[in-house]
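Hi,

Here is the structure I said I would pass on. Have a look at it first, and then read my notes below.

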Amino acid sequence: MDIQVVRELWSIVEQTETTLLLNLSDNDLVMQLVDRLQRFKSLNTHQYLFAKTYVSTRTPLIRDLAKARYQG
């Protein structure tokens, strides 16, 4: 996946409400973030599937960042 897409994804994570990041199930969190990414960047099928895998492997990190933001 293009580095710009990865950067956009992390920007979306930063812009997403903390409570949403913490309260969604893992599957719903992945779908929410990838769908938001899809709205900003027109992803082809390969990019979309890669984004789903990328986010699903990073849900613990996303939640840790959200918890830190919530406490901060």
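Let me start with the aromatic rings: the structure holds two aromatic pairs. Keep in mind that this is a predicted model.

One pair is tryptophan 10 with tyrosine 54, and the arrangement is edge-to-face, with 6.5 Å from centre to centre and 80 degrees between the planes. It is a pair that links distant parts of the chain: tryptophan 10 sits in helix α1 (residues 3-15) and tyrosine 54 in helix α4, 44 residues apart. Tyrosine 54 counts as buried because its relative accessibility is 13%, and the cut-off for buried is under 20%.

The other pair brings phenylalanine 50 together with tyrosine 54, this time stacked, at 6.2 Å centre to centre and with 25 degrees between the planes. Here the partners are both in helix α4, four residues apart, which is about one turn of the helix. Phenylalanine 50 has a relative accessible area of 35%, so it is partly exposed. Put the ring pairs together and you get a cluster of Trp10, Phe50 and Tyr54.

Next, a helix contact. How do α4 and α5 cross? The axes of α4 (residues 45-57) and α5 (residues 59-71) come within 4 Å of each other, and the crossing angle is roughly 55 degrees. That angle is why α4 is described as oblique to α5. On the α4 side the contact is made by Val55, Ser56 and Thr57, and on the α5 side by Thr59, Pro60 and Ile62. Sorted by type, the residues of this contact are three nonpolar, three polar and no charged.

Now the overall picture. The protein has five helices and zero strands, so if you read along the sequence the pattern is α-α-α-α-α. Along its principal axes, the C-alpha trace spans about 35 × 20 × 20 Å. The radius of gyration is 12 Å, which agrees with the value near 11 Å that a compact globule of 72 residues would have.

Two last numbers for the whole chain. Of the 72 residues, 29% are buried. And if you take the contacts with a separation of 6 or more, 68% of them are between residues 24 or more positions apart. The pair of tryptophan 10 and tyrosine 54, 44 residues apart, is a good place to begin when you open the model.

Cheers

Terms used: Residues are numbered from 1 along each chain as its sequence is written. This is a predicted model: local features need pLDDT of at least 70, side-chain atom pairs count only at pLDDT 80 or more; totals for chains, interfaces and linings use all residues. Side-chain values use heavy atoms; hydrogens and water are left out. Axes are lines fitted to C-alpha atoms, for helices over the stretch in contact, and angles run from 0 to 180 degrees between N-to-C directions. Helices (H or I, at least four residues) and strands (E, at least two) are DSSP runs, numbered from the N terminus. Angles under 35 degrees count as roughly parallel, over 145 as roughly antiparallel, 65 to 115 as roughly perpendicular and the rest as oblique. Contact means heavy atoms within 4.5 Å. Ala, Val, Leu, Ile, Met, Phe, Trp, Tyr, Cys and Pro count as nonpolar, Asp, Glu, Lys and Arg as charged, and the others, Gly among them, as polar. Rings of Phe, Tyr and Trp (its six-membered ring) pair if their centres lie within 6.5 Å; planes under 30 degrees apart count as stacked, over 60 as edge-to-face and the rest as tilted. Buried means under 20% relative accessible area, exposed over 50%, partly exposed in between (1.4 Å probe, protein chains only). The radius of gyration is taken over C-alpha atoms; the globule rule is 2.2 Å times the number of residues to the power 0.38.
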